[in-house]
Each structure stands twice: as structure tokens, then as C-alpha cells.
Amino acid sequence: MTTENNPTAVVDWEPPMPPTDLIFDDGEPLESNRHRIAMNVLIRSLQQAWADRNDFFTGGNMFIYYSSTQVRNRDFRGPAFFAVLNVDSNNSRQGWVVWEENGRYPDVIMELMSPSTAAIDKGIKKKLYEQTFRTSDYFVYDPFDPNSLQGWHLDDNQQYQPLTANERGWLWCKRLGLWLGRTEGTIDRETAIWLRFYDVASNLVLLPEEAAAAQAQAAVRQAEIAVAQAQAAVAEAEAATVREEAAAAQVARLAARLKELGENPDML
């Protein structure tokens with residue numbers, strides 16, 4: 001760069017440093033206890049499904065910082081659920097700061113709506129995630145309205161196209177390779193129709209406690225099978241003993257009969 005008075009003078013210039021005085025908690029609670037549970041179900045089930053992987057991050061109700069202007073305007077954005085692929089999951093994060101993550105934005109976002117937020121979630125936020133974040137898959141769901149599930153996928157023109165549900169009413173999340181579907185159940189002592197992940201074979205992606213319970217049940221079944229096999233072996237051994245005793249008795253009767261006939265059974 002040159003100055004007006006000295007065209008040959010070079011002025012050192014450095015880009016402004018990104019802000020560091022970031023807020024990671026605005027003290028605002030989630031809409032309801034059901035919203036909190038619904039968020040945790042999505043986060044914890046994905047962590048369980050990919051427990052052997054360390055190349056992703058998933059969080060919820062965490063601020064996503066993406067520009068200095070956003071910080072100055074205190075325009076906080078904290079999706080209920082988001083996932084970022086191909087990043088180090090071992091890093092400790094209070095929030096998702098794009099300029100500290102090599103410019104990476106969430107690959108998947110889920111907003112848990114309420115009547116007071118639905119217009120924003122399907123309006124301003126949807127536009128932000130489409131045009132600024134370029135988030136591949138975006139979903140919205142109201143935990144109190146089972147018919148509210150909607151989703152969009154970013155097409156080749158970088159525009160959201162609505163997803164079509166399958167015959168079960170599930171939506172395919174291409175980026176995660178999982179279905180999003182609804183199922184009724186009781187979680188954390190609250191009964192509702194929850195949004196859950198399903199794998200390509202339509203199997204429910206379990207929560208850690210569900211996986212532990214399933215493993216315990218499998219261990220019980222395996223123990224029951226082992227007991228049944230042992231009992232069968234004992235019964236077979238007892239049956240073999242009975243057969244041997246019966247055969248010995250038969251031999252003894254035949255020997256006695258031969259003796260009655262004047263024959264020596266040992267000579268036969």
C-alpha cells in the first residue's frame with residue numbers, strides 16, 4: 001500500500017483481530033422442560049451412535065458466533081441442536097466460534113419450535129442457515145405438536161428444498177445418514193412424542209441408557225441360553241446314565257437266563 005504523499009512508502013496493514021469478549025450464556029432458559037429433554041435426546045443419541053468416532057461435534061443451546069457485526073449487535077444464535085462433521089471432538093468448546101474453527105459452520109441444525117418462535121425459526125433463521133451458514137440440512141419441530149416436523153436440504157444452487165417424508169412420516173438427514181422420525185415414549189419421567197434418529201435399516205438410535213439396558217437384556221438372554229444349554233447337557237448326561245443302567249440290567253437278565261439254560265454266559 002502507498003501513501004498519498006509518498007507513493008513508494010509502504011504502510012504495514014493487518015486485518016482487525018476478531019472479537020474475544022464473547023458471551024456464552026445469556027441466562028435465557030429453554031421454552032420448557034420438554035424442549036430441554038428433546039434437545040438432549042438428539043445430542044446424546046447421536047453421541048451414542050458415533051461413540052467410536054472423534055471427528056464430529058454436536059451441541060445444543062450453544063451460541064454460534066460467525067461475524068464481528070453479529071457480536072457488536074449482540075445477535076445471539078443458539079440452535080437447539082447442531083452437528084459439525086470432520087472436526088476434532090476432543091476440543092473443549094463453550095460455544096461454536098466460526099473463526100476459531102477454520103471457518104466451519106454447522107452441517108446440520110434442528111430448531112425446537114414453540115408457537116412464539118415458529119415464525120422466526122422458519123423465517124429469519126432459515127434464511128440465515130441457508131444463505132450465510134450454508135448448512136446442509138435444517139429441521140424444525142415443536143415437541144408439543146407431533147405434526148410440526150419439517151426439513152430442508154441445500155441443493156446444488158445453494159438453496160433450501162423441502163424434504164418429503166417417507167411412508168412413516170420420517171425425514172432423511174443426508175449429512176448424518178440418519179432418519180428423523182417420531183416415537184411416543186417416556187424419557188426423564190415425561191411422556192411425549194419425541195423426535196428420534198433412526199438408522200438406514202429403520203432401527204431406533206438408542207440413548208446411552210437405552211443401549212446399556214439393551215446390553216443388560218442381551219447379557220441376561222445369553223445367560224439364560226447358557227443355563228438352558230447346561231440343563232440340556234445335564235439332562236442328556238442323566239439320560240445316558242439311565243440308558244447305560246438299562247443296558248446293564250438287560251445284560252444281567254440275559255446272563256441269568258443263560259445260566260438257567262445251563263449255559264455259561266462268559267463263554268459266549
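This is a short dialogue on reading strands, sheets and a buried residue in a predicted model.

Me: Let's start with the sheet. In what order do the six strands sit?
Reply: The open sheet runs S1-S3-S5-S6-S7-S8, with mixed pairing. Strands S1 (56-59) and S8 (160-162) are the edges; each has a single partner strand, so one side of each lacks a neighbour in the sheet. On average, neighbouring strands here are turned by 15° against each other, direction ignored.

Me: In which sense do S5 and S6 pair?
Reply: Strand S5 (residues 108-112) pairs with S6 (residues 137-142) in the parallel sense, over five bridges. To spot one of the pairs, look at Met110, whose bridge partner in S6 is Phe139.

Me: And which strands does helix H1 lie across?
Reply: H1 (residues 33-49) lies across S1, S3, S5 and S6, at about 165° to S1. Helix H4 (residues 124-133) lies across S5, S6, S7 and S8, and runs at about 170° to S5.

Me: How should I think about side chains on a strand?
Reply: In a regular strand, they alternate between the two faces of the sheet. For a case here, take Phe82 in strand S3 (residues 81-85).

Me: Is Phe82 buried or exposed?
Reply: Phe82 has a relative accessible area of 0%, and under 20% counts as buried, so Phe82 is buried. Beyond its neighbours within four places in sequence, its contacts include Phe57, Met62, Trp96 and Ile109.

Me: What about S10 and S11: how many bridges join them?
Reply: Nine, and the two strands run antiparallel. They form a hairpin with two residues between them, and Asp188 in the turn has a positive phi of about 50°. Thr183 stands opposite Trp194 in S11. Seven of the nine residues of S11 are buried, so that strand is largely enclosed by the rest of the structure.

Conventions: Residues are numbered from 1 along each chain as its sequence is written. This is a predicted model: local features need pLDDT of at least 70, side-chain atom pairs count only at pLDDT 80 or more; totals for chains, interfaces and linings use all residues. Side-chain values use heavy atoms; hydrogens and water are left out. Helices (H or I, at least four residues) and strands (E, at least two) are DSSP runs, numbered from the N terminus. Buried means under 20% relative accessible area, exposed over 50%, partly exposed in between (1.4 Å probe, protein chains only). Contact means heavy atoms within 4.5 Å. Two strands pair if DSSP finds at least two bridges between them. Axes are lines fitted to C-alpha atoms, for helices over the stretch in contact, and angles run from 0 to 180 degrees between N-to-C directions.
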